[in-house]
Amino acid sequence: MSSKLQKRQLIELCKEAASSIHTECTKILIAKNDHEQGITTTALGGCGLALVDLLLRQANIVHGLYENVTHSKTASDEHKSNEAQSYDLAFKRLEDLASIAYAKFYAYIYKDLPACWRQLYTDARILKFCLLFLKSAYARGSDEVAIDDAASTQDSGLDELVKTLDLALILAGAAGERRGRKWIDQALHLLHLIWLEESEHDHEATSGDITSGHDRPSKRAKLAGNHVASESHGTHIESSMFSDDEPFTPPVTHPVRAVESQSIEEFQTYMDRPHDPKIGPEPLIIRNSLSGWPALSTRPWNQPSYLLSQTFDGRRLVPVEVGRSYVDEGWGQKLITFAEFLRDYIDPTIVSSAPSLQDGASSNETEKDESSEATARTQSNPTIGYLAQHQLFTQLPTLRNDILVPDYCYTSPPPHPTNPTIDQPELEEPLLNAWFGPPGTISPLHNDPYHNILTQVVGRKYVRLYAPQETAGLAARGKENGVEMGNTSALDVGVLEGWDSVSAGSGDEDRDRNGDEEGAEISVEDIERFKALPFVDCILEPGDALYIPIGWWHYVRGLSVSFSVSFWWN
């Protein structure tokens, strides 16, 4: 199927975005003129009239460029020159708007950040995307191209298109009711279809099936089956699946109870009738409960080629935790492309040359500063990178279609067995998070305010669990550097068991907890008491689902390359 239809649809989508932003800004400015005291502090109005007016003018330019698209073939050289100047001016002003909005992200705790700044950032990124697409090789062949650019035939054009919208998704949460996430998802979906079609056409051309008279976007090669491996950026697949090597496997000494796939009624009964009413329902492994997941069959996540095909050959950005554990000294976070994550932290033989966050970046210093500020430097074990507790399926809806919410998440679980204040308001839908990393990734001993179904899709993980009744002996951290860490233990299971060296952990176990006055010194007696506490443990295999009741402390360790999905519900 030709990609011309998708190109026209994406052009119309960009025109609609520019028109919608222009209309919204106009209404805000009119409301302010008619009612001096009535300007809203929500949506874009809260950013101030000057910025609203500046955004309006850029939306007007973008809309005008798209309106003139069909006349580009007959336009005079002077007209084209004027359009190019308007393009460059709008591009710079949109960078200024994004920079101003992004600076506000550091003036507030994120949860207190006024929505106007997130929406301003998102709308500026949407308009920038529209400008980039108009100039890109991917708009060619739609019979509606206004601005030509020889550089747009390079892969950098796609890098920049994808990065622009991913920054809005990750940094600003794609804020905005009229456009926001819905618009970005639709734009990326259309761009993905265009990219697939253009790449397939290009592969046929380079294979000698057809003759191509024009430069085209990045090249990709077919694989057997329904998946596509990329050769753009020199990308290639050395093996069909992720390695299952396990550098270290802890012994399982107190196995978690395991059952075959349960019905929803059986699971509800299990929670309602616990073996010990004082403890409540205990952890349970439910085997073969994910048999209907495409991620384990027709759309296999254990094949790097499939994951690359769903991320524009790894161009999508992901936030990665760098370091062994989030409580270790020097732990940090950074934004990198998915291909970089695979190459640098999963297996360097999978992707030989990965697109990076800086590929195709503009020379604008604002863009560089923004990317670098989003990346925290780290000195802690640079070989460990973890895509942890990320709402990947909100960012990549195509992967969300590869999994199913377990029926168990629609049961009625009991409240917290010892501390009702931990119970949260009822969720409308389960909260999904992705956990993807190499061997040796660690989630330190902690507890969560929801019931959890932890599902294993790729590789194996070791999990150790302690009942809520053992909380007093688990050395909860309390507040550290202004951050509440009371759900995390100061005791490092790996170090205490001799699996890890002290230098790999958070430091000597008898040190003060980050020097906070709220921290307590950990004594030898504390450690001995901890070692005597009862626990259960297990190793999760692909296809397993582990039920972790609310309040249960759990330590999770990746044994091989591992991809898990957690479902919080109450």
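Helices here are DSSP runs of H or I with at least four residues, and strands are E runs of at least two. With that in hand, let's work through this predicted model.

**Exercise 1. Take stock of the whole chain: how many helices and strands are there, and what share of the residues is buried?**

Step 1: The protein chain holds 14 helices and 17 strands.

Step 2: Of its 570 residues, 53% are buried.

Step 3: Now look at the surface. The accessible area is about 24500 Å², and carbon and sulfur atoms account for 49% of that.

Step 4: Finally, consider contacts between residues at least 6 apart in sequence: 79% of them join residues at least 24 apart.

**Exercise 2. Find the largest nonpolar core and say which elements give two or more residues to it.**

Step 1: The largest nonpolar core has 67 residues. F129, F133, W183 and L191 have the most contacts inside this core.

Step 2: Two or more residues come from each of α1, α2 (49–67), α3 (77–104), α4 (115–135), α5 (156–172) and α6 (180–206).

Step 3: The most is given by α4, with 13 residues.

Step 4: Zoom in on F129. Setting aside neighbours within four places in sequence, F129 is in contact with L10, C14, L161, T164, L165, W183, A187 and L191.

Step 5: Don't stop at one core. A second, separate core of 48 residues includes F436, I453, V458 and W569.

**Exercise 3. Place K15 and decide: is it buried or exposed?**

Step 1: K15 is found in helix α1, which spans residues 4–34.

Step 2: The relative accessible area of K15 is 17%. Buried means under 20%, so K15 is buried.

Step 3: Beyond residues up to four places away in sequence, K15 touches H63, Y66 and E67.

**Exercise 4. Trace the open sheet of 9 strands and the helices that pack on it.**

Step 1: Read off the strand order, which is β3-β4-β15-β10-β17-β8-β7-β5-β6, with mixed pairing.

Step 2: Identify the edges. These are β3 (258–260) and β6 (332–337), each of which pairs on one side only.

Step 3: From one strand to the next, the twist averages 25 degrees.

Step 4: Pick out one pair. Strand β8 (residues 431–437) runs antiparallel to strand β17 (residues 562–569), and 7 bridges link the two. Within this pair, F436 stands opposite F563 in β17.

Step 5: Add helix α7 (residues 264–272), which packs on the sheet and touches β4 (284–287), β10 (451–458), β15 (545–548) and β17. The direction of α7 makes about 30 degrees with that of β15.

Step 6: Add helix α9 (residues 338–346), which also packs on the sheet, touching β5 (317–322), β6, β7 (385–390) and β8. The direction of α9 makes about 120 degrees with that of β6.

**Exercise 5. Examine the backbone at F312 and D313: where do these residues lie, and are they buried or exposed?**

Step 1: Start with phi. F312 has a positive value of about 55 degrees although it is not a glycine. For D313, another residue other than glycine, phi is positive too, near 60 degrees.

Step 2: Locate the residues. F312 lies in the loop between α8 (304–309) and β5, and D313 lies in the loop between α8 and β5.

Step 3: Apply the cut-off of under 20% for buried. F312, at 2% relative accessibility, is therefore buried. D313, at 0%, is buried as well.

Definitions and conventions. Residues numbered from 1 in each chain as written. Predicted model: local features only at pLDDT ≥ 70, side-chain atom pairs only at ≥ 80, totals over all residues. Heavy atoms only, no water. Buried < 20%, exposed > 50% of the residue type's maximum accessible area, 1.4 Å probe, protein only. Contact = heavy atoms within 4.5 Å. Pairing = 2+ DSSP bridges. Axes fitted to C-alpha atoms, helices over the stretch in contact; angles between N-to-C directions. Areas by Shrake-Rupley, 256 points an atom, 1.4 Å probe, with all protein chains shown as cover. Core = buried A, V, L, I, M, F, W, Y, C linked by side-chain atoms within 4.5 Å.
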